[in-house]
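Trainee: I should like to take a close look at a single part of this model. Please guide me through it in one connected account.

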Amino acid sequence: ACMPVEGGVGRAEVFEEGAIKNAILGGRRNHIVYGTKESVSLRAPYFFPPLLHLNLEKYNPTTLALTSEKDRRTILRIAGGLRKHIKPLEVGYKGERTRFLRLKNGWGTYTYENGNVYEGLWEDGERHGRGTSRYANGNVYE
């Protein structure tokens with residue numbers, strides 16, 4: 001989820017609208033499980049939450065129980081190499097505010113601790129009107 005996606009917009013155009021395309025456009029990679037069991041039973045792929053932000057702490061691959069402890073060294077090496085690609089999350093609001101009370105007002109972007117982002121109109125500190133929610137899992141709602 002944190003390695004840069006090469007090709008960005010050009011690569012995203014290969015996919016139809018949906019989670020994969022949205023994740024690529026958001027600069028993220030999906031973690032998906034889809035194998036023989038899912039194919040035979042006609043089940044949809046399972047999308048894991050990106051291992052970024054709060055999910056990285058909740059599902060930290062370096063501290064979770066493993067089926068085989070001999071894999072721990074490899075996981076630590078891979079995770080260490082990926083850490084350099086993780087951009088710190090800047091939680092909070094950036095945008096227009098009311099003059100005196102400094103409430104969110106007008107156009108702005110709010111980034112949440114879990115990596116979800118809302119960009120759009122605000123009025124008196126609340127979402128109001130047109131806007132786009134981009135979720136860390138790749139879903140986008142306008």
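Where is Phe15 found? Please then continue to the sheet and its strand pairing.

Mentor: The model is a predicted one. Phe15 lies in the loop that runs between helix H1 (8–12) and helix H2 (19–25). With a relative accessible area of 31%, Phe15 is partly exposed. Phe15 also belongs to a nonpolar surface patch, together with Val14, Ile20, Ile32 and Tyr34. The accessible area of these residues together is about 440 Å². Because a patch takes residues with over 30% relative accessible area, the 31% of Phe15 satisfies that cut-off.

The sheet may now be followed strand by strand. It is an open sheet of 5 strands in the order E3-E4-E5-E6-E7, and the pairing is antiparallel. Its edge strands are E3 (92–97) and E7 (140–141), each of which pairs on one side only. E3 is joined to strand E4 (residues 104–111) by 5 bridges, and the two run antiparallel. Here Lys94 stands opposite Thr109 in E4. Thr109 also has a bridge partner in E5, namely Glu119. Between E4 and strand E5 (residues 117–123) there are 6 bridges, again in the antiparallel sense. The hairpin of E4 and E5 has 5 residues between the strands, and Gly115 in this hairpin takes a positive phi near 95°.

E5 in turn pairs with strand E6 (residues 126–134) over 6 bridges, also antiparallel. Glu123 has Glu126 in E6 as its bridge partner. The hairpin formed by E5 and E6 has 2 residues between the strands, and Asp124 in the turn has a positive phi of about 50°.

Terms used
Residues numbered from 1 in each chain as written. Predicted model: local features only at pLDDT ≥ 70, side-chain atom pairs only at ≥ 80, totals over all residues. Heavy atoms only, no water. Patch = residues over 30% accessible without salt bridge, like charges linked within 9 Å, V, L, I, M, F, W, Y side chains within 5 Å. Areas by Shrake-Rupley, 256 points an atom, 1.4 Å probe, with all protein chains shown as cover. Salt bridge = Lys/Arg side-chain N within 4 Å of Asp/Glu carboxyl O. Helix = DSSP H or I, 4+ residues; strand = E, 2+ residues; numbered from the N terminus. Buried < 20%, exposed > 50% of the residue type's maximum accessible area, 1.4 Å probe, protein only. Pairing = 2+ DSSP bridges.
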